[in-house]
There are 2 protein chains.
Amino acid sequence: MNEECCPETPKCCDMRGLLSFHILWILSRKSMNGQEIAEELRKRKGAKPTAGTIYPALKELRNKGLVGMEKIGRATVYSLSEEGRKELQTACKYFCSVFGEIFHEYEEKS
Amino acid sequence: MNEECCPETPKCCDMRGLLSFHILWILSRKSMNGQEIAEELRKRKGAKPTAGTIYPALKELRNKGLVGMEKIGRATVYSLSEEGRKELQTACKYFCSVFGEIFHEYEEKS
DNA sequence: TATGATGTATCGGATGTCCTATAATTGTTT
DNA sequence: AAACAATTATAGGACATCCGATACATCATA
């Protein structure tokens, strides 16, 4: 764990949340199968989400029409739909508006 | 709603999460009572969390020793403890490491 | 063909975040 | 004192996110 980027995981407050948002963002760069997505999340968050986390989330995103899927061999490649791309923009805007201040303050100190 | 800062709330993916983190950050700037904290969250997120959201979260943070409280009249003023301040630093570092990329890309486009 | 590795998927349980509804307490106003 | 407003707080329910356990299909290899 943690060899790529992640500092200590905080014990203080729960850092759950925004998984679907994060997945959409990852898929916006490149279509991937479930394990690849999980690996991307590990690089960023320091812990690889398990099958019980990742597949229900992908299923829900599919149900909402935000991602599509295509079976290739044993892999299922997920990709962002047009609808997903539009919604991701909205979500990014919202996210940056909500948390931007925390970011900027942190970067000033670095 | 939304008169101060917030763009459209995304329907796509759930933007729940990081409430405790956000509260710690708010308290790091200024000690406040519950309603003031809720109002700060409204300014940032566009929707004011209700009593059933805010007080359980504050109770949990108190249980963890991250915030202290002092009754002043009918208000209960919450403040960051030393422990809370330390943990907030860890959490900020983690948060920025996880989501920094999304931020930077968004700001480049603006 | 058998074995193992890889990838997908669900189940059940825990926890955090969200709501509405309800209620108790304290301070102010009439 | 009575009525009202503000603040705190809990109860109960919904849902996303997290885990470990389990299972099955596919592909490569021995």
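A polar contact is a pair of N or O atoms within 3.5 Å. The views below show a predicted model.

**View 1. Polar contacts to DNA strand D.**
In the side chain of Arg74(A), an N or O atom is 3.3 Å from a base oxygen of DNA strand D. Arg16(B) also reaches a base oxygen of this strand, with a polar side-chain atom at 3.1 Å. The contact of Lys45(A) is to the backbone of the DNA: an N or O atom of the Lys45(A) side chain is 3.5 Å from a phosphate oxygen of DNA strand D.

**View 2. The protein surface near DNA strand D.**
There are 27 residues around DNA strand D, and Arg16(A), Thr53(A), Asn33(B), Tyr55(B) and Tyr78(B) come nearest. By class, the residues of this surface are 8 nonpolar, 11 polar and 8 charged. Elements of both chains supply at least two residues each: α1 (19-29) and α3 (51-63) of chain A, and α2 (34-45), α3 (51-63) and β3 (75-80) of chain B. With 5 residues, α3(B) gives the largest share. On the DNA side, sugar or phosphate holds 65% of the strand D atoms within 4 Å of the protein, and bases hold the rest.

**View 3. Polar contacts to DNA strand C.**
Three contacts to phosphate oxygens of DNA strand C are shown. A backbone N or O atom of Thr76(A) lies 2.7 Å from one such oxygen. For Thr50(B), again through a backbone N or O atom, the distance to a phosphate oxygen is 3.3 Å. Ser20(B) uses a polar side-chain atom, which lies 3.0 Å from a phosphate oxygen. Two or more residues of the surface near DNA strand C come from each of α2 (34-45), α3 and β3 of chain A and from each of α1 (19-29) and α3 of chain B.

**View 4. The protein surface near DNA strand C.**
DNA strand C is surrounded by 27 residues, of which Arg16(A), Tyr55(A), Thr76(A), Tyr78(A) and Thr50(B) are closest. Of the strand C atoms that come within 4 Å of the protein, 61% belong to sugar and phosphate. The helix α3(A) contributes the most to this surface, 5 residues. The surface has 8 nonpolar, 11 polar and 8 charged residues.

**View 5. The sheet of chain A.**
Three strands form an open antiparallel sheet in the order β1-β3-β2. β1 (32-33) and β2 (67-72) are its edge strands, each pairing on one side only. Between β1(A) and β3(A) (residues 75-80) there are 2 bridges, and Asn33(A) is opposite Val77(A) of β3(A). Helix α1(A) packs on the sheet and touches β1, β2 and β3 of chain A, with its direction at about 95 degrees to that of β3(A).

Definitions and conventions:
Residues numbered from 1 in each chain as written. Chains lettered and ligands numbered in written order. Predicted model: local features only at pLDDT ≥ 70, side-chain atom pairs only at ≥ 80, totals over all residues. Heavy atoms only, no water. Near = heavy atom within 4 Å. Polar contact = N/O pair within 3.5 Å; in protein donor to acceptor, adjacent residues only side chain to side chain. Helix = DSSP H or I, 4+ residues; strand = E, 2+ residues; numbered from the N terminus. Nonpolar A, V, L, I, M, F, W, Y, C, P; charged D, E, K, R; others polar. Pairing = 2+ DSSP bridges. Contact = heavy atoms within 4.5 Å. Axes fitted to C-alpha atoms, helices over the stretch in contact; angles between N-to-C directions.
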